[in-house]
Amino acid sequence: NRKNKCKNIINMTEDNPSMKMSAINVIKDFVNSNPHKIIKINGKQIEEKNPYSLTKEWGINLGNNLTFAGRIMQQPQLIFNKEFLVKPENGCFRAGNPCKMGIITNDNIFFVYDKNENYDHKKIFNDLMLKFNSKGFRFSNDFDPKKVHGFGLENTSNWDNIYLSLRNIRVNNGDNFGIIFCSYQMKKFYEKLKNYFMNQLKIPTQHIITNKIDNPKDGNSIQLNIVDQINIKRGGLNYNINFYKEGIIKKREVFLILGLDSNKRNKKITYSMTSTRNQYLNEFLTQEYTVNDNNQDKNITLKKMFEKAINEINKKSPHSPDYIILYREGGNDIRNKILYVNEGRIFTEILKLYKEKYKSDKNYNFKNTKLFYICCNLKSDLKFFETKKENSTKTFLNPKSGLIVDDNVTHKNKYEFYLQSYFVKKGIVTPCHYQIMYYDKDQNEENNLNIENLEKLSFYLCFYFWRKSGSIKIPYLLKMSNIAMTFYKKILDNGGSKYYFEKPTYI
């Protein structure tokens, strides 16, 4: 009932593109047609200017609807198992079998459940293993779901009781993975459960709401989605995008893509950075540090994270990166300038040091490495609508996935573009505004990154978010940094100072 009520409220209150344009036209007509008035103040007659005259004085021009031709980029081809190709339709697609899968044995997987919950958890676990099998996962020859360790928690009313029970869990050393069946009580301690397994036991986990996965109506699709998520956490790969075949990356070129986010709290600042670990851009590493909010500590931390990202990609690449593209969650022009002054220059200085340090190294000399520092405004002021004529009536629709706008409404002297990477049926979609605050430019134009390739790369990276069978608003590196930041913020809010992390955490 609560879900239906929320749905009805949203349907009644949210605008659609046509309603938005109607509201704008009402305001415009009011401004343009409201007459002058003569009013009395303290017995004196004063002419009150109409809004049209005032807007002219303020330099605001309310003209007719601004219409221009947009550009919709083509959808990427997603490569699943056995070269099975899927081309998304308007940003959405149906998943196939993973193109790279991990091995599951009795010793490297376990599950945790609430004993007081009225469910057959072993049966639910067996059903989930059948979904693994249908997706093509590899099991060891002696794998038996009935022999997989299941740890039942006696009392889940508060965290102290849960923590005492978890301390009794003994798992084998090595490559472990845990499935946590969360009851109604356990849901309240999600962040603390996640923190315990990830940071104390160093074990990745998948948290599942039991009543949702056992739902006869939606349980099957939820289980398949969970299998895809677990595959990524087990080191597998659901699908791949061939950036070379798409013409974005040339042969032997190496790209290092990063996403950066931060959060201030109680004279501390937390940085979260996600970076690609290979030249195919489908493996990633997330680091997180919390330090004192002063310039010295911040500089040291950003330097440490940036160097770690470079060292990670150097392990799997034939040579040093040709391009380093850093996406930073930004805002308006003023905030973006401040971010670049405080952070962007640190990265440029580090890259200069790398070029000097490795100038005699044949493979890793960083001589031709070019850095891009890009601020992403997720709450852009601009909205774009697609016009459609039906029976001589003009209607407005949300644009299709892949809309790119880099002319007409962008600054002439700035390197920027608007990208709407996903599509919504209800409400009004907001594009992401990309502002390139810094980039290395070669005198030889052939050595520079084409802006159309940068736009296409930013769009395609929005499809690498494994929780959704479709594109998201921003490149997945930045999204993963946002998620890590939100997760740690919740831990800090719930647990206090003892949950500050000084070492990098890999997700």
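Biologist: Why is Cys 376 called buried in this predicted model?

Modeller: The relative accessible area of Cys 376 is 0%. Buried means under 20%, so Cys 376 with its 0% meets that definition.

Biologist: What makes Cys 376 and Cys 432 fail to count as a disulfide?

Modeller: The sulfur of Cys 432 is the closest cysteine sulfur to that of Cys 376, and the two are 4.6 Å apart. A disulfide requires the sulfur atoms to be within 2.5 Å, therefore 4.6 Å is too far for a bond.

Biologist: How do you know that Cys 462 is in no disulfide?

Modeller: For Cys 462, the nearest cysteine sulfur is that of Cys 432, 7.8 Å away. The cut-off is 2.5 Å, so Cys 462 is in no disulfide. The structure as a whole holds 0 disulfides.

Biologist: Is Cys 462 buried or exposed, and why?

Modeller: Cys 462 is buried, because its relative accessible area is 0%, against a limit of under 20%.

Biologist: What makes S3 and S15 the edge strands?

Modeller: The open sheet has 9 strands in the order S3-S20-S21-S22-S17-S16-S13-S14-S15, with mixed pairing. Strand S3 (71-72) and strand S15 (284-292) each pair on one side only.

Biologist: How do you know that S14 pairs with S15?

Modeller: Pairing requires at least two bridges, and 9 bridges join S14 (residues 268-276) to S15, so the two strands pair. They run antiparallel, and Thr 270 stands opposite Thr 290 in S15.

Biologist: Which helix lies across S17, and at what angle?

Modeller: Helix H11 (residues 333-357) runs at about 155° to S17 (370-377). Helix H11 also lies across other strands, including S13 and S14.

Key
Residues are numbered from 1 along each chain as its sequence is written. This is a predicted model: local features need pLDDT of at least 70, side-chain atom pairs count only at pLDDT 80 or more; totals for chains, interfaces and linings use all residues. Side-chain values use heavy atoms; hydrogens and water are left out. Buried means under 20% relative accessible area, exposed over 50%, partly exposed in between (1.4 Å probe, protein chains only). Helices (H or I, at least four residues) and strands (E, at least two) are DSSP runs, numbered from the N terminus. Contact means heavy atoms within 4.5 Å. Axes are lines fitted to C-alpha atoms, for helices over the stretch in contact, and angles run from 0 to 180 degrees between N-to-C directions.
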